Amino acid sequence: MTALDLSALSARQVRDGIARGDFSAREAADAAYARIDALDGEVHAFLQLMPELAYAAADRVDAARAAGDELPPLAGVPAGIKDNMNLLGTRTTCSSRMLENYESVYDCTAVRRMLDAGALPIGKLNMDEFAFGSSTENSAFGPTRNPWDLERVPGGSSGGSAAAVAAGMVSVSLGSDTGGSIRQPAALTGTVGMKPTYGRVSRYGVIAFGSSLDQIGPFTKNVDDSALLLEAIAGEDPRDATSATEAVEAYTAAVEGGVRGLRVGLATDILEVEGCAAEVKQSVLDAAEVFASLGAEVGEVALPSARHGLSAYYIIGPAEASSNLARF
């Protein structure tokens with residue numbers, strides 16, 4: 001058992017600790033696998049562990065530090081990958097028996113960019129089968145549980161990605177979001193989850209669900225780590241014709257600048273949609289007050305069409321999924 005407590009460190013702290021020589025990337029991998037051994041029997045966030053790939057990546061980071069090379073932004077950071085994203089040397093099952101033995105024959109661009117930034121590929125993460133679901137109970141390989149309360153769900157479809165970060169088994173993870181599959185499990189597990197703007201992150205190598213809605217995005221412990229990971233995976237990709245051509249912004253620098261002077265829109269229409277829990281509404285209003293107290297300009301905006309959002313999604317999503325998944 002390693003003495004390094006991965007759950008207490010952010011991704012940036014892991015990277016900086018390795019850069020200073022406080023611990024090695026190999027020790028960071030040890031810490032991740034030790035925590036998985038201790039917790040994942042009950043949480044069941046992982047479908048596949050990849051120690052050979054992870055330790056090979058850790059050794060490259062440690063060798064670079066020993067040579068005095070500048071370390072990349074995610075050097076030695078333990079990372080998890082939702083199991084609908086391809087990576088050479090791994091299976092990509094989408095939590096389905098149909099793909100139980102499918103070996104990836106190429107790399108998902110976002111995954112490759114994360115690993116090129118120095119992250120350690122700890123394992124593939126559970127999900128609702130083919131990303132259909134919002135609780136990660138619909139996996140052919142068994143449900144994932146919320147690490148904060150094993151009697152509760154972690155949300156979905158990226159529930160394994162959220163639970164692994166919430167439990168401190170990895171520092172960051174990648175999920176995919178079509179109709180809330182990053183944002184909802186992040187909310188249910190107390191992690192930071194982000195669905196990037198359409199086209200900001202390449203979708204090459206992710207098993208498609210709804211092509212006009214799908215996006216890959218980060219799960220992290222805090223906003224700074226989210227910016228750090230997004231910087232690594234964002235950008236144009238010639239293999240994805242829908243990827244945006246605009247240059248990647250310095251998201252970490254923007255985080256350091258705070259929110260003073262930003263304009264924040266409070267979409268009150270959404271808070272009045274039937275089914276919005278009183279606690280959720282109050283949390284959003286409380287968040288708006290925090291932004292205002294930090295110097296942001298908060299104002300109400302009208303989105304009268306918001307009440308049609310779910311109905312529209314349940315036309316667009318299944319229609320595109322039936323086309324994308326027909327190949328299986």
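In these legends, Ala, Val, Leu, Ile, Met, Phe, Trp, Tyr, Cys and Pro count as nonpolar, Asp, Glu, Lys and Arg as charged, and the others, Gly among them, as polar.

**Figure 1. Lining of the second largest pocket in the predicted model.** By the classes just given, the residues that line the second largest pocket comprise 10 nonpolar, one polar and four charged. The space within the second largest pocket amounts to about 250 Å³, and of its 15 lining residues Ala-57, Arg-60, Arg-112, Leu-115 and Ala-119 are the closest to the centre. Helices α3 (51-66) and α4 (109-116) each supply at least two residues of this lining, and α3, with five residues, gives the most.

**Figure 2. Packing of helix α2 against helix α3.** Helix α2, residues 25-43, packs on α3 at an angle of about 150°, and the two axes lie 7 Å apart. Because angles over 145 degrees count as roughly antiparallel, α2 is described as roughly antiparallel to α3.

**Figure 3. Residues in the contact of α2 with α3.** From α2 the contact draws on Ala-25, Arg-26, Ala-29, Asp-30 and Tyr-33, while α3 brings Pro-51, Ala-54, Tyr-55, Ala-58, Asp-59, Val-61 and Asp-62. Sorted by class, these are eight nonpolar and four charged residues, with no polar residue in the contact.

**Figure 4. The chain that frames the close-ups, with 11 helices and eight strands.** Along the principal axes, the C-alpha atoms of the chain fill a box of roughly 55 × 50 × 45 Å. The radius of gyration of the chain is 19 Å, which agrees with the value near 20 Å that a compact globule of 328 residues would have.

Notes: Residues numbered from 1 in each chain as written. Predicted model: local features only at pLDDT ≥ 70, side-chain atom pairs only at ≥ 80, totals over all residues. Heavy atoms only, no water. 1 Å grid on protein atoms, 1.4 Å probe; cavity = no way out; pocket = protein on both sides within 12 Å on 5 of 7 lines; lining within 4 Å. Points joined across faces, edges and corners; volume = space filled by probe spheres on them. Helix = DSSP H or I, 4+ residues; strand = E, 2+ residues; numbered from the N terminus. Axes fitted to C-alpha atoms, helices over the stretch in contact; angles between N-to-C directions. Parallel < 35°, antiparallel > 145°, perpendicular 65-115°, else oblique. Contact = heavy atoms within 4.5 Å. Rg over C-alpha atoms; globule rule 2.2 N^0.38 Å.
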